[in-house]
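Dear colleague,

I am passing on the model we spoke of, with notes on what came out of it. Please look through it alongside the text below.

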Protein chains: 2
Amino acid sequence: MRKKMDDEQRRVIREKILVCTKSIVEEEGFEGISIRKVAELAGYTPGSIYQYFENKDVLVREVIKEGYEKILEAVLSETGHSLTIEKQIRQKFKAYTRAAMEMPDYYKAVMMNDDKAIVGMTSVLDNASNGAIIILEKAIKKGIDSNEFKEGNPKIIARIIWASNFGLTMRMITEKINDEETINAFMDEQFDLLFNGLQKKERT
Amino acid sequence: MRKKMDDEQRRVIREKILVCTKSIVEEEGFEGISIRKVAELAGYTPGSIYQYFENKDVLVREVIKEGYEKILEAVLSETGHSLTIEKQIRQKFKAYTRAAMEMPDYYKAVMMNDDKAIVGMTSVLDNASNGAIIILEKAIKKGIDSNEFKEGNPKIIARIIWASNFGLTMRMITEKINDEETINAFMDEQFDLLFNGLQKKERT
DNA sequence: ATATAAAATGAACACTGTTTAATTAAACAG
DNA sequence: CTGTTTAATTAAACAGTGTTCATTTTATAT
């Protein structure tokens, strides 16, 4: 009797299917994914794909997840430990945005999808112990406690900064703004506004 | 010989098709739109739809456009002329966001679509003589000229505020935040940050 | 070599957008 | 009222989609 594939064999085939799907995304975007195309590229018939992925959604979700993880890696590999906390945050966000704009399809897919499983992925940022949001939240709390920042809920403020950054990134992607200088100008101005807004000062 | 339909007759039928499409969107979202469903609802066969709309994209684009116009109306109908400029802007943005969150599918469709014809629609906001962005831009220019706001490019700052608002709105839609109080808290905090950041003051 | 179970296939189903030949319907002339 | 003409509508087909499942192929243990 034919032996059941072990987990490693299955993993290899799943990986091959994922790689083929990603290559389709690179050439035709997420809309271009079709089970038949994936199958042909992987050297299978369409039906076989279902032996490795429950359905198309699961396959696509996996591809999105792996793409987004690459974007997140850009944040984590950006250390800049010698700078002030504000500059650290700024650099991390900029690294994140730069990575997102290099994989716009993936960024869009993960940020816009209201599929529960994918919304959950975005909150990786919120939950991961060293995720950008947590670092940001702690820095803000520190600033408030030391009376440097104005009063406010650090959790809410952190999320607003993150959402604001997302909005600008998304608009730059949608409007196909590619010029590195323009991108930098927009991002710097946004952080200037937001961080300046955090300072504790009376309004004139 | 059968007379050609006049423009009014065609308009009426187009309108009927649009109404049917919108009713599908309301029940199943934009993904639910299919020419066959639209045709059946409108009392036609699929082929006939193509007499009134070049293709599905054109039909969908028209539906998106009309939906977004409704969102924009909310901004325009929000007068609040007795308040300060900052409060006017704040109120307009809040009206816009509230309208967008009541028609999330349409807002999402218009803001996320990189289809040239639809990106053009979003710049209605930029171009319309009394669009939110222009008002914002003028107010910012005034603040800078009167030495009240810090130095900066009003066009860029206006776009950043708009993009930041979009980001927060989109995240609240995606994360299905429905509580009116929470929505208000997030929006107010965002404007506090951004407008406070605009003030001309030395950083401590 | 053969039996057995797992993997892979191929065909089918129900759907999609779109095109086009054929049909139906309406308005005019005689 | 009867053709004729022409526009509106339809029905059928095409190529594509995701998915399922009976059938076939394949690899292994006996």
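Which residue of chain A has a polar backbone atom 3.0 Å from a phosphate oxygen of DNA strand D? In this model, which is predicted, that residue is Ile35(A). Two side chains also reach phosphate oxygens of DNA strand D through an N or O atom, that of Tyr50(A) at 2.5 Å and that of Ser48(B) at 3.0 Å.

Around DNA strand D there are 23 residues, and the closest are Met1(A), Arg36(A), Tyr50(A), Gln51(B) and Tyr52(B). By class, these surrounding residues comprise eight nonpolar, seven polar and eight charged. At least two residues each come from helix 2 (35-42) and helix 3 (46-52) of chain A and from helix 3 (46-52) of chain B, with helix 3 of chain B giving the largest share, four residues. On the side of the DNA, sugar or phosphate accounts for 62% of the strand D atoms within 4 Å of the protein, and bases for the rest.

Turning to the protein interface, chain A and chain B each bring 41 residues to the contact, and about 4000 Å² is buried between them, 58% of it from carbon and sulfur atoms. Four salt bridges are counted between the two chains, including one in which the side chains of Arg159(A) and Glu175(B) meet at 2.4 Å, N to O. On the side of chain A that touches chain B, helix 6 (104-112), helix 7 (116-122), helix 10 (154-174) and helix 11 (180-198) each supply at least two residues, and the largest share, 13 residues, belongs to helix 10. That side of chain A holds 17 nonpolar, ten polar and 14 charged residues.

With best regards

Technical notes: Residues are numbered from 1 along each chain as its sequence is written. Chains are lettered from A and ligands numbered from 1 in the order in which they are written. This is a predicted model: local features need pLDDT of at least 70, side-chain atom pairs count only at pLDDT 80 or more; totals for chains, interfaces and linings use all residues. Side-chain values use heavy atoms; hydrogens and water are left out. A residue is near a molecule or strand if one of its heavy atoms lies within 4 Å of it. A polar contact is a pair of N or O atoms within 3.5 Å; within protein, one must be able to donate a hydrogen and the other to accept it, and residues adjacent in sequence count only if both atoms are side-chain atoms. Ala, Val, Leu, Ile, Met, Phe, Trp, Tyr, Cys and Pro count as nonpolar, Asp, Glu, Lys and Arg as charged, and the others, Gly among them, as polar. Contact means heavy atoms within 4.5 Å. Buried area is the accessible area (1.4 Å probe) that two parts lose on being put together, summed over both.
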